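I opened the model to look up a few strands and the residues on them. My notes follow in the order I took them.

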Amino acid sequence: MKCALVLVALCLAMAVAVPVPDRNAQTLKFDSSINGVDGYSYQYETSNGISAQEAGELKNFGEASALAVRGSFTYTAADGQVYTVNYIADENGFQPEGKHIPKE
């Protein structure tokens, strides 16, 4: 039992000691809008180089309705590379594209 308590205490101490990357990042830009029940859009940018934008609109597919979304996000990975992902999410599923994403 003592061993388990020591292990839990050690894990908690390690978790507290690990720095959280970019926890002091500031929001530089943020904008969003809701277009009634037909759609939405947003965009943001943070001081640590993360940015994203997305717009969605309600589409009719026969008798059903669903959101069709287009967007992108950019971030700097742990290896120092800046990655951008552009995507569409619609009746065909989530479709990401990026230089680092393999094509079929």
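I count a contact when heavy atoms lie within 4.5 Å. The model is a predicted one.

Entry 1, serine 72. I used that cut-off on serine 72 and left out its neighbours within four places in sequence; the contacts are Ser51, Ala52, Gln53, Val85, Asn86 and Tyr87. Serine 72 sits in strand β4. Is serine 72 buried or exposed? Its relative accessible area is 11%, and buried means under 20%, so I logged serine 72 as buried.

Entry 2, phenylalanine 73. I moved on to phenylalanine 73, which also belongs to strand β4, residues 64–76. Its relative accessibility is 32%, so I entered phenylalanine 73 as partly exposed. I noted the general rule that side chains in a regular strand alternate between the two faces of the sheet. I then asked which residues make the nonpolar surface patch of about 220 Å². I found Ile50, Phe73 and Tyr75 there.

Entry 3, threonine 84. I looked up threonine 84 and found it in strand β5, which covers residues 82–90. Threonine 84 has 34% relative accessibility and therefore counts as partly exposed. With neighbours within four places in sequence set aside, I listed Phe73, Thr74, Glu97, Gly98 and His100 as its contacts. What joins the side chains of threonine 84 and threonine 74? I found a polar contact of 3.0 Å between them. I also checked isoleucine 101, which is 17 residues from threonine 84 along the chain; the two C-alpha atoms are 9.9 Å apart.

Entry 4, glutamine 81. I placed glutamine 81 in the loop between β4 and β5. Its relative accessible area is 44%; partly exposed runs between 20% and 50%, so I put glutamine 81 in that class. Outside its neighbours within four places in sequence, I found glutamine 81 in contact with Tyr75 and Thr76.

Entry 5, β1 and β2. I turned to strand β1, residues 27–35, and strand β2, residues 39–46. In which sense do they pair, and over how many bridges? I recorded antiparallel pairing over eight bridges. For lysine 29 I looked up the bridge partner in β2 and found glutamate 45. The hairpin of β1 and β2 has three residues between the strands. I checked the backbone in this hairpin and noted that glycine 36 takes a positive phi near 60°.

Note on methods. Residues numbered from 1 in each chain as written. Predicted model: local features only at pLDDT ≥ 70, side-chain atom pairs only at ≥ 80, totals over all residues. Heavy atoms only, no water. Patch = residues over 30% accessible without salt bridge, like charges linked within 9 Å, V, L, I, M, F, W, Y side chains within 5 Å. Areas by Shrake-Rupley, 256 points an atom, 1.4 Å probe, with all protein chains shown as cover. Salt bridge = Lys/Arg side-chain N within 4 Å of Asp/Glu carboxyl O. Buried < 20%, exposed > 50% of the residue type's maximum accessible area, 1.4 Å probe, protein only. Polar contact = N/O pair within 3.5 Å; in protein donor to acceptor, adjacent residues only side chain to side chain. Pairing = 2+ DSSP bridges.
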